[in-house]
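Q: Please take a close look at one charged side chain in this model. I would like its place, its contacts and its charge partners set out in order.

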Amino acid sequence: MTNTLQDAMFQQLKSKAIFEQAKSYAGAYTDGVMQRDVYPKDAAIEDLEQFSEPMPVHRGDASDILSLLHKVGSPATLPTLGGRYFGFVTGSVIPVALAAKWLSDVWDQNPAMYVLSPVSAKLESLCQNWLVDLFGLPKNTVAGFVSGSSMATFCGLAAARYHLLKQAGWDVNTKGLNGAPKLRIIASRQIHGTVIKAAALLGLGVDSFEWVDMDAEGRIIAENMPKLDERCIVIGQAGNVNSGAFEDFEIICKAARKAGAWVHVDGAFGLWAAATTRLKHLTKGVNLAHSWSVDGHKTLNAPYDNGIILCTEPDAMVNALQLSGDYIVHSPKRDGMLFTPEMSRRAHGTELWAALKYLGKDGVDELVCGLHDRAVQMADELRVAGFEIMNEVVFNQVMVACETDDITNQTMANVQMSGECWAGGSKWHGRQVIRISICSWATTKADITRSCRAFIDARAMANA
Ligand SMILES: *Cc1c(COP(=O)(O)O)cnc(C)c1O
């Protein structure tokens, strides 16, 4: 290699060969992904060792790098793009959102400030307005575009912490938490671990939580909430991570507002119900909360790295996430970093915008209700086959159990090994369950029937 690094990279941009190469690998990947086993084979995982080497000393060959990534990397991926991966809560990708991400990746924009990227600021503004409208939230609600619900919840709790302490005459930004009035977090034990983590990062440890009893579906029993006051942050769930259940937001939010408490809604996958015709009723009263965290990368099927914090107390959020510096130029137009913990970040608003623009309100409705329909189908077919369905299938989550915990565990292991579909485990009311999450636009009726067949075979093997 006699040319300089700079010459080499100019040449790569000019010839475009590596981009064509990546495109052809991507095409091969998407062609195969729907048919592939739903978990990488052991051999593919062992092959990952081919990546192991010390940090190279010399410049590599661009084409060889892509070739290695495809040859070794692609077979070791989980085919979440397809229709039979039901693990965790994992969406697929809407094709045009993926394509928009490619283009946006080439732009390499930083949406921290308007002056850094007018186009990103514009698309984020649109996404904010569209989401507020889709979810039926108060008109003054602002949105921050972050990596996922973990970070969105962090922002919501940061705004709550700032707001409640400010009202108590305590500026947390200057004084910190030492000696501050004590905040209480009211939640059910079924809240997602990311909420506890966000609280801990904000100096509100587990001891700040007061746990409220749940009903059979994992919803807060509103009458059993402790006495609320203006030092309380109440956490509600739009979509319990096991059962998919929704709180009675109307009662909870009204009680909280009356007491001067703040309500944060973890709506990572479930808030999308608010954007539908048939499932909207699940979220009744959710608009009365103060902040909402939601993912674009789960139910909406936007690419990963797509979470949104929505907050109807803009001052609290902006103050909580404040940052200043002599070189910072604020614009009367949108400065994304006012609403996020990060300064520089990827412009994930681009693919969110593309997904929303492509789907339209009708498409969001069709997508989300379709996930629900497939979940109901799965529950029905498994019930007929003698499995026990442990939850009311109100949204996209189905929990399944066999006669004993041992048989359930063995059935799950067999399903996972089958390559036909993939679902993980959880505990529900003291029992071992298999937890199925229908999140992919690509899941067809035939995929559900085929997956139920895999469950039946897996249980037969467990019983043999
Ligand atoms: C996935 C999930 C989260 C965490 O979201 P990330 O996007 O993974 O950070 C939080 N709450 C619920 C209910 C979830 O399903």
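A: What follows starts at R435 and then turns to the ligand and to some salt bridges. The model is predicted.

R435 sits in strand β11, which covers residues 431–437. R435 is buried, yet has no salt bridge. The nearest side chain of opposite charge is D266, 10 Å away. A salt bridge needs nitrogen and carboxyl oxygen within 4 Å, so a partner at 10 Å does not qualify. The R435 side chain does make a polar contact with the side chain of N242, at 3.3 Å. Residues further off in sequence also touch R435, among them F86, F88, V89, V241 and Q397. The stretch A423, G424, G425 and S426 touches R435 as well.

D266 also appears at the ligand. There, 13 residues surround the ligand, and D266 is one of those that come nearest, with S150, D295, H297 and K298. A side-chain N or O atom of S150 is 2.5 Å from a ligand oxygen. For D295, a polar side-chain atom lies 2.8 Å from a ligand oxygen. The protein buries 85% of the 380 Å² that the ligand exposes when taken alone.

Salt bridges do occur in this model: the count is 22. D373 and R278 form one, at 3.2 Å from N to O. This pair links helix α12 to the loop between β5 and β6, 95 residues apart. R278 is partly exposed at 45% relative accessibility, and D373 is partly exposed at 29%. R453 and D457 form another, at 3.6 Å. Both lie in helix α14, about one turn apart.

Key
Residues are numbered from 1 along each chain as its sequence is written. This is a predicted model: local features need pLDDT of at least 70, side-chain atom pairs count only at pLDDT 80 or more; totals for chains, interfaces and linings use all residues. Side-chain values use heavy atoms; hydrogens and water are left out. Helices (H or I, at least four residues) and strands (E, at least two) are DSSP runs, numbered from the N terminus. Buried means under 20% relative accessible area, exposed over 50%, partly exposed in between (1.4 Å probe, protein chains only). Lys and Arg count as positive and Asp and Glu as negative; His and the chain ends are not counted. A polar contact is a pair of N or O atoms within 3.5 Å; within protein, one must be able to donate a hydrogen and the other to accept it, and residues adjacent in sequence count only if both atoms are side-chain atoms. Contact means heavy atoms within 4.5 Å. A residue is near a molecule or strand if one of its heavy atoms lies within 4 Å of it. Accessible areas come from the Shrake-Rupley method with a 1.4 Å probe; for residues, only the protein chains shown count as cover. Lists of a residue's contacts leave out its neighbours within four places in sequence.
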